[in-house]
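Trainee: Could you pick a single part of this model and take me through it closely? I'd like its surroundings too.

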Amino acid sequence: MSFMLIQTPNPLTLKDALPNFSKTTHIFLPINDCRNPNQAEGGSHWSLLLVSIVDGVAFHYDSLNPANREEAITTTKKLGTLLGKHLQFLDLHDSPQQENSSDCGVFVCVQMKHLLLKKLMRADKEQKVSMSMGGKHIDASHGRKTMLEIIEGFRKEGESRRSRSSSPQKYTSKSPPRID
């Protein structure tokens with residue numbers, strides 16, 4: 001979604017292609033630094049933009065700060081136009097920083113999980129929550145292992161569903177079905 005917003009001159013033209021955000025309180029947007037509209041899988045760095053629609057604030061978490069700052073600012077402005085509301089941009093300089101050039105995607109996933117499960121879902125409706133990640137250490141190796149465990153769980157679930165499927169076509173292979 002952030003790539004579409006960045007590449008589209010008028011974000012209002014995307015309104016029909018995107019979900020209805022009228023009952024949404026927060027949006028998590030991975031931000032990529034790809035500038036080529038013909039190469040959606042391009043780019044070399046990921047960061048996270050967490051938009052609190054209820055508070056009108058976009059929090060930017062960049063593990064190689066300020067690498068994706070401009071992309072995050074552009075996304076914030078265009079999302080604000082799309083939502084019909086001004087969004088304040090906050091670049092959180094206390095975000096955990098990666099120690100290499102390959103952990104940014106893991107950092108985004110771990111931060112999303114932490115912010116959602118440890119901050120937003122634990123707060124009362126009236127409670128203000130600090131969205132800072134200051135002092136939080138991210139273990140990228142553990143994050144990768146957790147992601148692999150989740151993927152393996154989904155794979156096993158899919159395999160189990162296929163084995164008990166009432167489909168007339170019985171699968172004899174443990175690999176997923178192929179699309180023609």
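Mentor: Sure. Helices here are DSSP runs of H or I with at least four residues, and strands are E runs of at least two, both numbered from the N terminus. The model is predicted, so to speak of local features pLDDT has to be at least 70, with side-chain atom pairs counted only at 80 or more, while totals for chains, interfaces and linings use all residues. Numbering starts from 1 along each chain as its sequence is written, and side-chain values use heavy atoms, with hydrogens and water left out.

Let's take helix H2, residues 69-83. Coming in from S3, you cross a loop that holds Pro66. The peptide bond between Asn65 and Pro66 is cis, with omega about 10 degrees.

H2 itself has 15 residues. From first C-alpha to last, H2 reaches 21 Å, close to the 21 Å expected at 1.5 Å a residue (1.5 Å times one less than the residue count).

Now, what's tucked away? Early in the helix, Glu71, Ala72 and Ile73 are buried (under 20% relative accessible area, 1.4 Å probe, protein chains only). Further along, Thr75, Thr76 and Lys78 are buried as well, and so are Leu79, Gly80 and Leu82. The cover over H2's buried residues includes one helix, H1 (2-7). Strands S1 (26-32), S2 (46-52), S3 (57-61) and S4 (88-91) are also among what covers them. So S3 turns up twice in this picture: the loop with Pro66 runs between S3 and H2, and S3 helps cover the buried residues of H2.

On the way out, look at Gly84: just after H2, Gly84 takes a positive phi of about 70 degrees.

Notes:
Buried means under 20% relative accessible area, exposed over 50%, partly exposed in between (1.4 Å probe, protein chains only). Contact means heavy atoms within 4.5 Å.
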